[in-house]
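Me: Let's walk through this one together, question by question. I'll ask, you reason it out.

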Amino acid sequence: MTTSHSSGRAPGRRLARFVWHHKLVSLSALVLVVAVGSALLVTWIAPFDPYAQDVAMRNRPPLTPNPDGGIHLLGTDPLGRDELSRVMLGGQISLTVAAASVVVSGLFGTTVGMIAGYYRNWFDDVVGRLVDLQMSVPSLLIALLVLYVLGPSFVNVVLVLAVTRWMVYARVSRGLVLALREELFVEAARSLGAPGRRIIVRHLLPNILGPILVLATLELAVMMLTEASLSFLGLGIQPPESSWGLMLAEGREYLTSAWWLVAVPGLAILLTTLSVNIIATWLRSRSSQAQFSKVTIGEGI
Amino acid sequence: MTTPLLQVRGLVREFGHGPGLVRAVDDVSFDVMQGEALGLVGESGSGKSTTARCVLRLIEPTAGEVRLDGEDMLALGGPALRRLRSTAQLVFQDPYSSLNPRMTVADIIAEGIRIHRPRESSTTVKDEVVDLLELVGLRPDHLTRKPAAFSGGERQRIGIARALALKPKLLVCDEPVASLDVSIQAQILNLFADLRERLDLTLVYIAHDLSTVRHLCGRIAVMQDGKIREIGTREQIYEDPQHEYTRALMAAVPEPDPRSERAKLAARRSAQTTEAGRP
């Protein structure tokens, strides 16, 4: 028996082929693996204690050796903390906030959108108006207002981010469900006596999951940027915790004397969001859902 | 006299409103007795499928009365309607879009059982599904596959098994063979005839030509423009059609013998050219 040229090979060869054909996607995946990996393992692999202050070593440029051994690869911050360890710690919170808010807004928005699209009753009208209303107001403004009232905390930041972005999922899932509900298999389920809840969960959800997951990937980048903006403006993550946006804000006043305090978290934000976007675009091009338009998912915050 | 299994009276369904209003079903009435097979024939757009969907209340009729097994189908709602739904089931025309591509065959067929008997043990459900598969001529090892792995005819068998899972008394077939290969059509038609006998099923069989209805249905209703033009036994319709539309449909049935088919076509062509007065 002969095997076809792609299936019979060792996994390593196939991975190599994939990397060769999708260089940019592979690079993005690598960046994400490094970002997520260092965020998860920061306690074990950080070169220095990210909370340990050393005023004698404040604002040292990258590659400065520490007198107690080791090298501050990315320099130190105004409190003498190792910038590399700080950026790993910041990534932990930035990525967690982004992931958590994507999950919350995705679950809520998709549920609402599917219910609205399937039943097409008063609920659909209410949701439609609400989405239009929220689309017309800059979401960062809403987020700032709500956080100002509630007070910044991890949970509040996640909830606020979810509240400002749920309608993206609601719109996409509603649109997909509007098309799917006319399919005969939905009619078949109704004629079997399936209640609406069952049709939504068993028949509609599995058929819209692909596009929704791609959308969620894109939203991950949006959420990271929004969290960075909120923290930069002082209403997101609070010290002594750290996030990339907060590090950016803290480094701003030293911009002329210590460029790495802005460049390092800035690059971290840039590289991860860019990688997420590249992977999301690739995933979208792979999914065959034609009705999954760029318009519905293209807008940023 | 016993009461009919299905009683339809003055059924009307309108689409649109104002000047664009269309009466897709216009004052349709008929009865179907237990064990009978009624053919519903007409060209596309004549309101056959809309009638079927109104009867099963998959779309709401504008007016009229539907009695299924003595119960008023249109007065019920919610759980009571869902219970009654198991009495009448539908087989769809398109075996592709009528099966959820993400579900396995086992889940598709078992769905009705799981809806109406949620507490049934999974082994009982599986046994019933296997029986249903055998009933429609599929093998039990097909259970874990998705619809994409099957041909049109096999998919239609899955759809039939799904409809039969609830042990319905009435099976409404909406052009179940229209989108299948001719060679498969006969198999599916035979399956219906076989199932009817074995399960004592009552059939409402919708088709757009008279030939497929002929050996399945004892009584035939001819529909045009939302109205029933003629309803009668197979012998009446085929041997002594009263309405001109019925005669036109009869003329469109291809003759099995190519020589008589050619003669028929030639006769029609000459009739058409003299009528139109073309050179």
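Reply: One term before we start: a helix here is a DSSP run (H or I) of at least four residues, numbered from the N terminus. And keep in mind that this is a predicted model.

Me: Fair enough. What are the ipTM and pTM of the model?

Reply: Per chain, the pLDDT averages 84 for chain A, with 92% of the residues at 70 or more. Chain B averages 85, and 96% of its residues score at least 70. For the model overall, the scores are ipTM 0.83 and pTM 0.79.

Me: Which residue takes a positive phi just after H8(A)?

Reply: H8(A) is mostly covered, with 8 of its 8 residues buried. Among them are Leu184(A), Phe185(A) and Val186(A), but also Glu187(A) and Arg190(A). Just after this helix, a positive phi of about 95° turns up at Gly193(A).

Me: And which elements of chain B do the buried residues of H8(A) pack against?

Reply: Within chain A, these residues pack against helix H7 (154-180) and H9. Across in chain B, their partners are H2, S6, H3 and H5.

Me: Which element gives the largest share of the side of chain B that touches chain A?

Reply: The contact involves 20 residues of chain B and 16 residues of chain A. On the chain B side, helix H2 (78-85), strand S6 (88-91) and H3 each supply at least two residues. The largest share is 4 residues, and it comes from H3(B).

Me: How many residues of that side of chain B are charged?

Reply: The side of chain B that touches chain A is mixed by class. It has 7 nonpolar and 7 polar residues, and the number of charged ones is 6.

Me: Back to H3(B): which helices of chain A do its buried residues pack against?

Reply: H3 (residues 105-116) of chain B has several buried residues, including Val105(B), Ile108(B), Ile109(B) and Ile113(B). In chain B, the buried residues pack against helix H4 (122-135) and helix H5 (152-164). In chain A, they pack against helix H8 (184-191) and helix H9 (196-232).

Me: Which helix gives the largest share of the side of domain 1 of chain B that touches domain 2 of chain B?

Reply: Chain B splits into domain 1 (1-87 + 168-242) and domain 2 (103-167), with their C-alpha centres 24 Å apart. The contact pairs 11 residues of domain 1 of chain B with 12 residues of domain 2 of chain B. On the domain 1 side, 4 residues, the largest share, come from helix H6 (residues 182-199) of chain B.

Me: Which element gives the largest share of the largest nonpolar core?

Reply: That core has 143 residues, and those touching the most other members include Val41(B), Ile109(B) and Tyr205(B). The largest share is 18 residues, from H9(A).

Me: Which residues is Val41(B) in contact with, leaving aside its neighbours within four places in sequence?

Reply: Val41(B) is one of the residues that touch the most other members of the core. Skipping those sequence neighbours, the contacts are Ala207(B), Leu210(B), Val213(B), Ile220(B), Val222(B), Met223(B) and Leu249(B).

Me: Why is strand S8 of chain B largely enclosed?

Reply: Look at both faces: Thr202(B), Val204(B) and Ile206(B) are buried on one side, and Leu203(B), Tyr205(B) and Ala207(B) on the other. S8(B) also has parallel partners, with 5 bridges to strand S3 (residues 37-41) of chain B and 5 to strand S7 (residues 170-174) of chain B. Opposite Tyr205(B) stand Gly39(B) and Cys173(B). So the strand (residues 202-207) is largely enclosed because the buried count is 6 of the 6 residues.

Me: Which strands stand at the edges of the open sheet of chain B, each with a single partner strand?

Reply: The sheet has 4 strands in the order S2-S1-S4-S5, paired antiparallel. A single partner strand means one side is left without a neighbour in the sheet, so the edges are strand S2 (22-32) and strand S5 (71-72) of chain B.

Me: Where in chain A is confidence lowest?

Reply: Confidence peaks in helix H4 (residues 83-119) of chain A, at a mean of 92. By contrast, pLDDT stays under 50 over residues 1-7 of chain A, and residues 289-301 of chain A are also below 50. Where pLDDT is low, the coordinates shouldn't be read in detail. The lowest mean, 40, belongs to helix H12 (residues 294-298) of chain A.

Methods:
Residues are numbered from 1 along each chain as its sequence is written. Chains are lettered from A and ligands numbered from 1 in the order in which they are written. This is a predicted model: local features need pLDDT of at least 70, side-chain atom pairs count only at pLDDT 80 or more; totals for chains, interfaces and linings use all residues. Domain bounds come from an automatic or database domain assignment. Two residues are in contact if their C-beta atoms, placed from the backbone, lie within 7 Å. A residue is buried if 20 or more other C-beta atoms lie within 10 Å of its own, exposed if 12 or fewer, and partly exposed in between; C-beta atoms are placed from the backbone. pLDDT is the predictor's confidence in each residue, from 0 to 100. Ala, Val, Leu, Ile, Met, Phe, Trp, Tyr, Cys and Pro count as nonpolar, Asp, Glu, Lys and Arg as charged, and the others, Gly among them, as polar. A nonpolar core is a set of buried Ala, Val, Leu, Ile, Met, Phe, Trp, Tyr and Cys residues joined through C-beta atoms within 7 Å. Two strands pair if DSSP finds at least two bridges between them.
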